[in-house]
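Trainee: I'm new to this structure and would love a close look at a single part of it. Could you take me through the empty space inside, and then show me what else is worth a visit?

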Amino acid sequence: MILALLAMAVQAPPSPRRVLIQDVTVVSPERQTPLRHGYVVLEGDRIAAVGQGTPPAGRWDSVVAGGGRVLIPGLIDGHTHLAVPAGLPVPLPDDLQTLAAGYAEQLPRSYLYSGFTTVVDLAVFDRAFLDRLEAAPVHPDIYDCGGALPLANGYPMAMVPKELGWDLFPNFLSDPRQKDAIPARFRPEDHTPQAAVARVAADSGICVKTFEEPGFGPAKNLPTPTLGMIRDVVRESHARGLPVLIHANSLAAWRFATEAGADVIAHGMWNWDEFEQTGEELPGPIRALLDTVAARRIGFMPTLRVIDGLAAMYDPGFLDDPRLGRVLPQALIAWYRAPAGRAYAAEMRDQLGGADDERIRQIMRGVSDHGALAARYLASHGGRLVFGSDTPSGPTFGNPPGLNGFLELQRLAAAGIPLDRLLASATIEAARAFHLERRYGTIEAGKVANLLLLRANPLETVAAYDAIDLVISRGQVLDRAALRAS
Ligand SMILES: [Zn+2]
């Protein structure tokens with residue numbers, strides 16, 4: 001009998017770790033007002049209870065004394081490219097493999113350090129890389145859109161050497177208009193909207209990413225998909241419950257994405273096309289389109305750091321910012337300073353006719369400000385702001401992982417986005433955009449225990465997102481300082 005009981009005790013599953021977080025001010029998008037003197041009970045990787053005043057009696061594996069500090073949901077970055085090492089060239093030369101490996105090792109800690117406990121990769125081209133991140137001792141929760149759906153020979157396939165394009169974007173959409181420009185080894189029937197979306201679903205993608213982009217810089221006038229093709233992508237995706245994100249950053253591309261039925265527009269409206277020279281005011285036809293975007297409940301990611309991250313290459317002080325060293329290995333920052341690390345900056349300067357630093361920053365600021373104006377209008381007229389930093393967005397060193405997300409939050413606040421909209425965008429709105437709202441985005445019983453303990457209130461100052469003391473990832477309480485790059 002005793003032996004049988006002992007055997008049962010040995011076989012019983014271990015009870016989940018119980019953590020009590022007490023005396024915190026809970027600030028979360030589901031609450032009209034902060035919950036003062038609150039407590040949160042964690043069981044294993046879930047939130048078990050939220051309350052106010054004296055916490056329930058119990059045996060705790062660990063107790064976090066909040067001391068009146070602010071507890072918010074862990075942040076979600078809905079637009080990342082995890083396997084792309086920021087600022088390193090694509091394809092990666094052999095002699096830079098060690099630098100890239102150092103970047104990859106720090107990467108999951110850098111997102112957590114910056115408060116991003118969930119990240120979504122919008123274009124997987126190296127599944128093994130994501131698997132390695134998930135095998136790291138600590139890492140954010142990682143979701144992805146599987147292989148992205150560019151049009152054959154379109155953006156972003158056309159931004160990498162031709163043969164590499166077919167390897168990096170095997171889920172491309174075929175195009176009857178360019179039969180002769182697609183290698184015969186690819187059968188058109190394997191690259192229809194139906195086949196491409198089916199591959200995303202089979203690869204356990206939670207979203208579908210496609211592009212409306214005629215190109216820029218040296219790669220202009222690229223082929224773009226027809227409205228019919230993208231409507232088919234949307235129909236197939238919705239039939240499988242997958243939201244569709246469309247890369248679009250001009251007035252024309254936003255119109256296209258809106259007509260195609262996008263769920264989320266994955267960039268800001270930087271380029272105002274025929275209204276480019278109209279200056280500071282938002283022209284009437286743009287306002288009308290933004291009203292339609294809001295009315296149709298289409299989410300949008302301003303991603304202003306795409307442009308600001310390019311401008312950063314021409315800011316002499318950028319690489320001296322001590323915050324870079326908290327998310328990147330020192331060896332990589334040193335390489336950014338070397339001529340090889342500045343090759344992309346030199347290339348872009350040539351494309352801009354050899355303009356000096358100040359002129360380039362001015363040009364970039366104009367583009368970024370257009371995006372900011374459109375974002376502020378949309379956010380204050382019922383639009384669904386969804387947070388996504390697009391890290392890294394190109395071969396620039398101006399988008400350091402994790403830190404780039406904080407810089408994006410800061411930029412959006414400076415652009416006049418209300419702080420409550422900003423918090424919602426990086427929590428519940430990002431969760432909803434990817435159909436993850438049952439798991440993430442608020443501090444409620446049953447949700448994943450991803451939380452941040454802050455020394456300031458993000459409804460009062462955007463600086464709160466950089467005043468993190470503790471990062472709680474799936475119930476694991478992590479000291480922020482321990483997540484820094486060493
Ligand atoms: Zn992107």
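Trainee: How many cavities of 30 Å³ or more does the structure hold?

Mentor: Happy to help! Please keep in mind that this is a predicted model. The structure holds 2 cavities of 30 Å³ or more. As background, rolling a probe the size of a water molecule over the atoms shows where empty space is left.

Let's begin with the largest cavity, whose volume is about 80 Å³. Its lining is made up of Y113, S114, R323, R326, V327, L403, F406, Y465, D466 and R480. If you sort these residues by class, you get 5 nonpolar, 1 polar and 4 charged. Two helices, α10 (324-327) and α14 (403-414), each supply at least two residues of this lining.

The second largest cavity comes next, with about 50 Å³ of space. Around this second cavity you will find P73, G74, T117, T118, R439, Y440, G441, T442, K447, V448 and N450. The classes here come to 3 nonpolar, 6 polar and 2 charged residues.

From the cavities, let's move to the zinc ion. Three residues coordinate the zinc ion: H79 and H81, each through NE2, and D390 through OD, at 2.1 to 2.4 Å. Follow these donors along the chain and their spacing reads H-x1-H-x308-D. Are the two histidines buried or exposed? With a relative accessible area of 1%, H79 is buried. H81 is buried as well, at 14%; the cut-off for buried is under 20% relative accessible area, so both values qualify.

Now for the sulfur atoms. The structure holds 1 disulfide, and it joins C145 to C207 with an S to S distance of 2.0 Å. In general terms, a disulfide is a covalent bond between the sulfur atoms of two cysteines. The torsion about the S-S bond of C145 and C207 is about -100°, which is why this disulfide is left-handed. C145 sits in the loop between β8 (141-144) and α4 (162-168), while C207 sits in the loop between α5 (193-202) and β9 (208-211), so the pair ties together parts that are 62 residues apart in sequence. Both cysteines, C145 and C207, are buried.

A helix makes a good next stop. Helix α7 spans residues 251-260 and is mostly covered, with 7 of its 10 residues buried. Those buried residues are L251, A253, W254, F256, A257, T258 and A260. What lies over them? Among the elements that cover the buried residues of α7 are the helices α6 (227-239), α8 (284-295) and α13 (357-379). The cover also includes the strands β10 (244-247), β11 (264-265) and β12 (299-300). Just after the helix α7 comes G261, which has a positive phi near 90°.

While we are with helices, look at E429, which is found in α16 (residues 428-433). E429 has 7% relative accessibility, so it counts as buried. Leaving out residues up to four places away in sequence, E429 touches R384, L385, V386, R421 and A424.

Finally, let's turn to the backbone. Most residues other than glycine have a negative phi, and most peptide bonds are trans. With that in mind, here are some places to look at. A cis peptide bond joins V90 and P91, with omega about -5°. P91 belongs to the loop between β6 (75-80) and α2 (97-113). The bond from T391 to P392 is also cis, and its omega is near -20°. You can find P392 in the loop between β13 (384-385) and α14.

Two residues are worth a look for their phi. T303 is not a glycine, yet its phi is positive, at about 40°. T303 lies in the loop between β12 and α9 (305-311), and it is buried, with a relative accessible area of 0%. R474, a residue other than glycine too, has a positive phi near 50°. This arginine, R474, is in the loop between β15 (468-473) and β16 (476-479). R474 is partly exposed, with a relative accessible area of 32%, whereas T303 is buried.

Definitions and conventions:
Residues numbered from 1 in each chain as written. Predicted model: local features only at pLDDT ≥ 70, side-chain atom pairs only at ≥ 80, totals over all residues. Heavy atoms only, no water. Disulfide = S-S within 2.5 Å. Helix = DSSP H or I, 4+ residues; strand = E, 2+ residues; numbered from the N terminus. Buried < 20%, exposed > 50% of the residue type's maximum accessible area, 1.4 Å probe, protein only. Contact = heavy atoms within 4.5 Å. Donors = N, O, S within 2.8 Å, 3.2 Å for Na, K, Ca; no water. 1 Å grid on protein atoms, 1.4 Å probe; cavity = no way out; pocket = protein on both sides within 12 Å on 5 of 7 lines; lining within 4 Å. Points joined across faces, edges and corners; volume = space filled by probe spheres on them. Nonpolar A, V, L, I, M, F, W, Y, C, P; charged D, E, K, R; others polar.
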